[in-house]
Amino acid sequence: MGLDKLEDLALKLFSIDAVKFGDFTTKTGIKTPAYFDLRVIVSYPDIMELTSNMLYDLAVKDSQFDHLCGVPYTALPIATLLSIQAKKPMLMRRKETKSYGTKKSIEGHFKKDDTCLIIEDVITSGSSILETVKDLKNEGLVTTEAAIILDREQGGRENLAKNGIHVKSLFTMRTLIEILKKHKKITDEIVVTVKNYLNETKAPVIEKLMERVILPYEKRIDFATNLVARQLFNIMATKKTNLCLSADLTMTTGILDLLEKVGEHICMVKTHIDIIDDFRDDFVVRLKQLADRFNFLILEDRKYADIGHTVSLQYSKGLYKIGEWADCVTVHSLPGEGILKALNGSMNCITKGVFLLAEMSSEGNLITQQYKQETVSMASKYANIITGFVCQNKDTFQNPGLIQLTPGVQLECSKDDFGQIYKTPEKVVVENGADVIVVGRGITAAKNPEVQAVAYKDALWKCYIKRISGKLE
Ligand code: 5IU
């Protein structure tokens with residue numbers, strides 16, 4: 001590609017204020033001496049045409065791919081022009097997944113394993129492209145290349161390379177400012193300021209997508225900010241079990257006897273303290289003794305869902321005083337972040353943990369894609385108390401320091417009479433990314449619970465080993 005064309009485009013972008021220099025603050029609050037707003041090019045058809053022709057020559061005409069996909073929103077019109085010029089079908093990613101109907105995040109017709117070329121305007125960290133790639137991947141599409149207008153040279157290219165995506169860009173920040181300097185559009189001072197800025201300001205490093213599900217538990221300990229998560233990873237790695245027993249029995253002796261038998265095979269016991277008929281304080285003393293003896297944690301599945309103030313009372317007061325003996329508790333995000341704020345205050349230390357409910361296993365539950373995403377982002381502000389999420393799918397979150405707790409598991413797929421949907425160990429661990437697997441009646445209702453606990457433990461561990469060996473599909 002001749003330099004003339006590049007120079008022509010650079011000058012045109014400058015003349016329409018798509019490229020500006022001065023003191024700017026980005027959306028995320030970072031100061032920058034160079035600002036790009038390529039959205040304005042939709043008002044200049046000749047510049048749109050020039051841009052897309054140049055991207056076509058650079059990255060489209062000699063590339064092999066089945067679809068083009070623009071990163072929403074600025075790149076969409078350019079992707080459309082390229083799709084027409086290349087006569088290749090386009091895909092569109094929804095930024096907000098529909099919360100009704102098909103719940104599809106990618107629009108357009110495609111087959112599994114089809115390849116996709118990404119079109120984007122500017123990259124800084126590369127995170128927008130990675131979000132699009134993640135959604136494409138979840139639909140079975142493969143992405144290895146991205147064609148972009150400008151690389152801000154702040155680490156995006158490297159972040160994308162780590163995720164197997166090669167970037168071809170029309171401009172880098174340096175080539176762009178050199179052209180503008182040559183044509184006396186910007187002063188030497190601006191050139192120096194921008195170059196210094198580039199040397200000093202790198203975008204955050206983004207780890208590999210899906211890393212969580214292929215990292216072994218022991219390697220995830222260092223990523224965990226909540227102490228209970230660290231303990232749980234440690235227990236799983238040393239005891240070689242990711243089985244959590246849901247001890248939904250109504251007599252204390254039943255629960256304690258069961259734990260005597262299966263304690264060595266589990267990493268955690270999940271209780272529903274309010275279903276016990278003969279609750280007495282010494283029950284929790286004995287429960288704690290068993291937990292210490294067999295090295296497992298206690299999760300009270302209380303599913304808090306009230307306003308923060310009430311929840312802090314429910315957590316620390318009343319008959320059960322859950323906060324005194326449970327290592328962690330389950331919590332709904334429904335009431336808003338006040339519930340986490342209150343628990344953060346009540347827990348008062350990071351030796352306690354919260355599993356936040358992001359999805360449920362029961363038929364017809366009302367949790368939507370948006371609810372799930374907002375639950376995950378709510379948790380990020382309370383990293384010291386969040387142990388993980390109760391969820392059903394691996395794309396719910398990426399952070400390898402958090403734990404995916406998945407209920408609704410039996411050795412054979414089935415349902416109960418009240419809408420519980422069971423999946424197999426293979427499905428939840430290998431395909432859906434479960435880290436800790438909750439089994440209740442699969443063990444408690446068995447003729448020989450101990451034998452059955454071992455069967456679950458072995459099956460679940462085998463699946464985990466298969467998953468971390470990278471044989472995902
Ligand atoms: N539980 C679920 N599904 C969920 C959530 C919690 O089954 O989505 I959140 C609880 C309910 C029960 C246990 O205590 O997990 C599963 O027991 P069974 O394996 O017996 O179905």
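How far does a polar side-chain atom of Ser-246 lie from an oxygen atom of the ligand? The distance is 3.2 Å. The views below start from the whole chain and return to that site. The model is a predicted one.

**Figure 1. The whole chain is built from 19 helices and 16 strands.** The C-alpha trace spans about 85 × 45 × 35 Å along its principal axes. The chain has 473 residues, and buried residues make up 52% of them.

**Figure 2. The domain assignment divides the chain into domain 1 and domain 2.** Domain 1 covers residues 3–200. Domain 2 covers residues 214–469. Their C-alpha centres lie 42 Å apart.

**Figure 3. The ligand has 17 residues around it.** Asp-248, Ser-361, Gln-420, Tyr-422 and Arg-441 come nearest. Several polar atoms face ligand oxygen atoms. The side chain of Ser-246 places a polar atom 3.2 Å from one oxygen atom of the ligand. Gly-440 uses its backbone: an N or O atom there lies 2.9 Å from a ligand oxygen atom. Arg-441 also has a polar backbone atom in the view, at 2.7 Å from an oxygen atom of the ligand. On its own, the ligand has 490 Å² of accessible area, and the protein covers 90% of this.

**Figure 4. Trp-461 and Tyr-464 form a tilted aromatic pair.** The structure holds nine aromatic pairs. In this one, the ring centres are 4.6 Å apart and the planes meet at 50°. Both residues belong to helix 19, which runs over residues 449–468. Trp-461 and Tyr-464 are about one helical turn apart because three residues separate their positions in that helix. Are these two residues buried or exposed? Trp-461 counts as buried because its relative accessibility is 14%, under the 20% cut-off. Tyr-464 is buried too, with a relative accessible area of 2%.

**Figure 5. Ring pairs join four residues into a cluster.** The members are Tyr-217, Phe-233, Trp-461 and Tyr-464. The tilted pair of Trp-461 and Tyr-464 is thus seen here with its cluster partners.

**Figure 6. Charged side-chain ends sit over the rings of Phe-65 and Phe-397.** Lys-88 has its charged end over the ring of Phe-65, at 5.1 Å from the ring centre. Arg-212 has its charged end over the ring of Phe-397. Here the distance to the ring centre is 4.0 Å.

**Figure 7. A cis peptide bond leads from Pro-72 to Tyr-73.** Its omega is near -5°. Most peptide bonds are trans. Where in the chain is Tyr-73? Tyr-73 is in the loop between strand 3 (67–70) and helix 3 (76–86).

**Figure 8. Asp-17 has a positive phi although it is not a glycine.** The value is about 65°. Most residues other than glycine have a negative phi. Asp-17 is in the loop between helix 1 (3–15) and strand 1 (19–25). With 44% relative accessibility, Asp-17 counts as partly exposed.

**Figure 9. Lys-303 has a positive phi and is a residue other than glycine.** Phi of Lys-303 is near 45°. Which element holds Lys-303? The residue is in strand 11, made up of residues 297–304. Lys-303 counts as partly exposed, at 26% relative accessibility.

Methods. Residues are numbered from 1 along each chain as its sequence is written. This is a predicted model: local features need pLDDT of at least 70, side-chain atom pairs count only at pLDDT 80 or more; totals for chains, interfaces and linings use all residues. Side-chain values use heavy atoms; hydrogens and water are left out. Rings of Phe, Tyr and Trp (its six-membered ring) pair if their centres lie within 6.5 Å; planes under 30 degrees apart count as stacked, over 60 as edge-to-face and the rest as tilted. Helices (H or I, at least four residues) and strands (E, at least two) are DSSP runs, numbered from the N terminus. Buried means under 20% relative accessible area, exposed over 50%, partly exposed in between (1.4 Å probe, protein chains only). A charge sits over a ring if NZ of Lys or CZ of Arg is within 6 Å of the ring centre and within 35 degrees of the ring normal. Domain bounds come from an automatic or database domain assignment. A residue is near a molecule or strand if one of its heavy atoms lies within 4 Å of it. A polar contact is a pair of N or O atoms within 3.5 Å; within protein, one must be able to donate a hydrogen and the other to accept it, and residues adjacent in sequence count only if both atoms are side-chain atoms. Accessible areas come from the Shrake-Rupley method with a 1.4 Å probe; for residues, only the protein chains shown count as cover.
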